[in-house]
Structure formats: C-alpha cells, structure tokens
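Open the model in your viewer and keep the selection box at hand. The tour starts at the ligand and then moves out to helices and loops.

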Amino acid sequence: MCGIVGYIGDKLAQPILLNCLSKLEYRGYDSCGIAMLSNGIEVYKDAVRVEALRKTLPQIKGTTGIGHTRWATHGKPSKLNAHPHLDCNGNIAVVHNGIINNFQQLKRQLISEGHNFVSETDTEVMPHLIEKYYDGNLEKAVEAALRDIEGSYAIIVLAANEPKLVVARKDCPLIIGIGDRGNFGASDVPAILDYTNRVIYLEDGDIGVVTKDSIKIRRDGAEVDRKEHKILWSIKDDQKAGYEHFMLKEIHEQPKVIRDTLGEYTREAEPVADLAVMRDSGIESMLMLACGSSYHVAMIGKYIVEELLGIPVRAELASEFGYFNQTLAKTRAIAITQSGETADTIKAIKRLKEVRCKVLAITNVVGSTASRIADQTIYTRAGPEISVAATKSFIAQLMALYWLAMSYSRIDSRRLTDLILELRHLPTKVQQVLDNEDKLMENATFLSGYENVFFIGRGINFPVALEGALKLKEVAYIHSEGYAAGELKHGPFALLGSNTPVIAIVAHDNTYEAMLTNIKEVRARGSPVMALAEEGDEAIEDLADSVVTVPEVDPMFSPVVNTVALQLLAYYTAKKRDCPIDFPRNLAKSVTVE
Ligand code: G6P
C-alpha cells in the first residue's frame, strides 16, 4: 500500500528520502516520487522502482522534502498518477495514503473554480483544495481543506515558501520521527529506523507542524501532547543478513521468534496471563477477526480455544464483518493483525467497540492503530516483517493464542503440563523442519512445473492447507486452493488428474484415518500426491508419491511445524520460477484501504 515519508533537517534530504522510500518498498507499490524544497518545489516521480528513480535524479540541494510509494487505486500506475501531487502553481506538494471518497465532487467544483488537474487520482484534489484556502499559513489551509474531505488519509504537505512539513491523519497510519538534526513524518517505523527510533504516533484528527527542531500537534484547534515511544527494533532487523530474500530470512528466524514471543509471556514455568479483558468469568464465546494469513491464524485459534477453554469460537474475516446484526453479549473479540493497521480489521474493531464488545488485539507493531483502539493488546515479538508474505508473524500470532488459551485453559492439569512442556520444545522442532530444507527444495522443483495445486487438510490442519495454498499463490504465482480434505469430492474432484498435484497435510490426530482414505481417493484420480507427515509414519510412505516429514509434536502444535514446512515449499517453488519473492506483483504488506 502507499507509503509516505517527509524529512526536514540539516542534512541533504534527497538521499534520506530515497533511503526511506526503499524501506517502504516492502509495503508493495508500483510508482514512486519525491518533492524537494529547493528553488521552489521540484518534483521527480514515475511508475518505476525506487532504485530506477534514484538513477534518473539530479543532485538536489534542499534539506526538506517529501516522498511516496504508490499502490494504484484511482488510475493506473503512471508518471502523472504518481505522487507527490501539486497545486496549479507548483507551490504546494502533497503525498497521501488513503482514499478520498468525495474526490469527484470536489474535483468538479475545483475545476469550475479554475483549477487544472493532470492526473486521474483522488489525491490531486488535496493540493488544489489547500491552494484554494492558502493565505500564507500552510497549517490553516490544510485544516480548511481537510474539512471538505470525506475519506481516509495520512498526508504530508510541503509549501514552497514555508520551511515546514504539515502532517495529518484519519484512518491511515502516520508517525512523526524525532531525529538528531531534523525530524520525519512517515507511514511506519521501518521507513525511518535508519535515522531514529524515537517516534510519536498521531491519532485520527491530529494535524502536526514539523520543523527541523520543533513538533507541534493540534486537534480541533487545540494543542495536544502525544507520547514519545522508543522502538526496540534494530536497524539490523530490516536487513537480509546474508539471506537471498527477506522471506527466507524471516522463515529462518522462527525458532527465535517463538522463543522471544513466549519468553515475553512466560517468565515463569507456566503461561499465566492476567488480562483484564479476559477476567470476566461470564465469557461464553469468542469471536476472532482478521484478514489474510492472520485470518488463518484465527481459524487455527478456533480449534485451540475450543479445545482448551471449551467455549465456542467464531473465526471471521474482518472484511466481511459488520454487515449484519450480531449478538455479542458475553462474547470476547480477538482481533489478529500483524501490522495493526489493516483497514478492514480496524473497522471491525471500531464496530465491536460501538456495540460495547471488549476487544483484545494481537499485533506485532507497538503503537499501531489496533493497539490503540482495542481494550487490551498482546504484542507478538516477531520483529519487523519485511517480506510481503507473512511467515514469522503467523507463527508469533499462533504463540500468542497458545499462551492465551493455556492461561485460561479449563483442561485437566496433567494434559496442560504436557502441552506446556511441548510448547517449550517448539523452537527445536521448528529448527528440525528448517534443517530438512533440501527435501522441501526437491519437492519445490517438482511443484514448480505445475499451474494448479490443491492443498488438503483436516481439523486443525485445514487452515494450514489454506495458508499453504495462500503462500504458494502469493509468492510462486501458482493457482492453488486450500481445501478441507473431505470436501474435495464435492466439486474439485472434477479438476484432479496428472496435471494437478495435491499436497496432503497428515496429522496424527483423530483425522488421520479419514485423511489416508482421502489420499487414496486422490491417487485413484491420477493426481500426484505429496504428503506432509510425521516422522516414522510408514503407512504414508506407501500411499503418497513423495513424503516430507516433520518432527513429531502434539497434534495441537502440528500447525506450527506444518506451516513452516509449507512456507519453505512456497519459497523454493517461487525461487525456481524466478518470482520477485519479497514483493509479489499487486500485493501490499499493509492493507490500509478497505
Ligand atoms: C496483507 C499481507 C498479508 C497479511 C494481511 C493481513 O494481505 O500481504 O501477509 O496476512 O495483509 O495483514 P495484518 O497486518 O492485518 O495481519
């Protein structure tokens, strides 16, 4: 999704802005650009990668500027549609993340007042509106313009004759970075982490004026104080550390992520959470909401919580939530979101709050919107995840759910002790999966020649099949579908044959026998079968064309080892197919529009 950045300080802004933009690349984008305060405002932009833009730029002297990575919504990727956008005279430049819903109406009005538009974007109304209200005070003009705007925005605005950045947000993330000899505005922390780890998170409705040595934030006309946060991520975290791709690095970080996340929660021998939001003993059900991979975590969470707490759980797509009336008395909601900024998840949390349903957020980003609007937050300790495809954040979210469910578990204490013990061994088990990389590489080579693949699983591993399929389509561009194994015969069987491999996730739980039957059915239709099964499972060797083994774990934890294996499978298949693994086409890391 669009990323924005601004710098004002003592240093040359051009290299800083380009570096910040390269750190925003992970969010997904198709165009980029910068506007610099030099002799007036100079804009350079195009539908190219940041590196390509860098090569075409002259050396610009200024120490103030703004930059943007665009993920097209209104109008195709092109030079004209790329940001920054300017007013008629080129005196006001704007970078924007979000969507202006009433832009057509505003554009018509502005055109009738004599403004000239050059792009198809919604954003372009912004500099023109600011121009309309500008009488020498940029902040006042921005404030007036925003009163006309309906929609979502994080903006950074630059005016030719004022050495300042004006920033504002509504329903889109925006931070101010406090630097050494200058300050920043940015969509997120990784963008500015090379320069500072001191940040202020703006709230909806905030308008900030940032100069090289001052930061003033106002809301509804009155000055407000926003807390400064220290970010614990280090610069090293957003580098590849010798790995070819971030995705591979992040997959390999997972034993550490499990340790860090659990270590954060379970200082003593037992996972005892004491969360105010969970304390109410009258909780009768749970609702888990999320999007993308986080939604698959929610689906797995349903199995975990239902088994350990014995209460019904609904896992729902945040993007589909809220369009019908819900009865939520005695329900606790858990919103799962790596970024803490996914627009649909944020909207769902807000809706739940409206009906007074308590919400616990599980997120990876300290200070993110989800963490600020939920009643309580559990942070995962995955560190910054740069690759668009979620890997380590997925496993960290699962850890948070295991811990939560175990803390409030109603199962007998012997079983709980066994599970806790197993939980502690998970980093070693995951390491064993990583050590089996060669076997997964072999299977990836086989898979890379196909265009359609099914992933099947049952029970707690059905969502793992969905996640495996999602990973493969995201990074390897292979059409893949995750299916509940028993459902294949209700339609997909028509597609099976030698050109459609099936990947079967076989767990040693009460679904095992049925799964073997399903594999036989698939083989009988001529599809090659790759099974993901537990070490020592001899029965499976005779049934599948190829078997990749994962270490033995309690079935409750099988999604962890199986998902890691499928992440590697997707990664190596994508590599074989020469795909741009970390930044798949059309995808965004942080989806800040509905
Ligand atoms: C995007 C990302 C996915 C992620 C999903 C939800 O689609 O590419 O990796 O799972 O958003 O993001 P969240 O930050 O809410 O977990």
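How many nonpolar, polar and charged residues does the shell around the ligand have? This is a predicted model, so take each stop as a feature of a prediction. The shell holds seven polar residues, five nonpolar ones and one charged one.

**Stop 1: the ligand**

Select the ligand and show its surroundings. You should find 13 residues around it. The closest are Ser294, Thr337, Gln338, Ser339 and Thr342.

Now look at individual atom pairs. Start with Ser294: one of its polar side-chain atoms sits 2.6 Å from an oxygen atom of the ligand. Go on to Gln338. Here a polar backbone atom is 2.8 Å from a ligand oxygen. Then pick Ala390, where a backbone N or O atom lies 3.4 Å from an oxygen atom of the ligand. On its own, the ligand has 390 Å² of accessible area, and the protein covers 89% of that.

Which helix gives the largest share of the shell? Select residues 292-309: this is helix 9, and three residues of the shell come from it.

**Stop 2: from helix 9 to helix 15**

Keep helix 9 on screen and add helix 15, residues 462-476. The axes of helix 9 and helix 15 are 8 Å apart, and the packing angle is about 170 degrees. Helix 9 and helix 15 are therefore roughly antiparallel to each other. Look along the pair: helix 9 passes helix 15 in a left-handed crossing.

**Stop 3: from helix 15 to helix 18**

Hide helix 9 and bring in residues 558-576, which form helix 18. The axes of helix 15 and helix 18 come within 9 Å and cross at roughly 20 degrees. That makes helix 15 roughly parallel to helix 18. Is the crossing of helix 15 and helix 18 left-handed or right-handed? The crossing of these two helices is right-handed.

**Stop 4: helix 12 and helix 13**

Select residues 392-407 for helix 12 and residues 413-435 for helix 13. Their axes are 11 Å apart, at an angle of about 160 degrees. Helix 12 and helix 13 are therefore roughly antiparallel to each other. The crossing of helix 12 past helix 13 is left-handed.

**Stop 5: backbone details**

Some background for the last selections. Most residues other than glycine have a negative phi, and most peptide bonds are trans.

Go to Tyr477. Its phi is positive, about 55 degrees, although Tyr477 is not a glycine. You will find Tyr477 in the loop between helix 15 and strand 22 (479-484).

Next, select Asn586. Its phi is also positive, at about 65 degrees, and Asn586 is not a glycine. Asn586 sits in the segment after helix 18.

Finish at His83 and Pro84. Is the peptide bond from His83 to Pro84 cis or trans? The bond is cis, with omega near 0 degrees. Pro84 belongs to the loop between strand 4 (64-70) and strand 5 (85-86).

Methods. Residues are numbered from 1 along each chain as its sequence is written. This is a predicted model: local features need pLDDT of at least 70, side-chain atom pairs count only at pLDDT 80 or more; totals for chains, interfaces and linings use all residues. Side-chain values use heavy atoms; hydrogens and water are left out. A residue is near a molecule or strand if one of its heavy atoms lies within 4 Å of it. A polar contact is a pair of N or O atoms within 3.5 Å; within protein, one must be able to donate a hydrogen and the other to accept it, and residues adjacent in sequence count only if both atoms are side-chain atoms. Accessible areas come from the Shrake-Rupley method with a 1.4 Å probe; for residues, only the protein chains shown count as cover. Helices (H or I, at least four residues) and strands (E, at least two) are DSSP runs, numbered from the N terminus. Ala, Val, Leu, Ile, Met, Phe, Trp, Tyr, Cys and Pro count as nonpolar, Asp, Glu, Lys and Arg as charged, and the others, Gly among them, as polar. Axes are lines fitted to C-alpha atoms, for helices over the stretch in contact, and angles run from 0 to 180 degrees between N-to-C directions. Angles under 35 degrees count as roughly parallel, over 145 as roughly antiparallel, 65 to 115 as roughly perpendicular and the rest as oblique. A crossing is left-handed if the near helix is turned anticlockwise from the far one by less than a right angle, and right-handed if clockwise.
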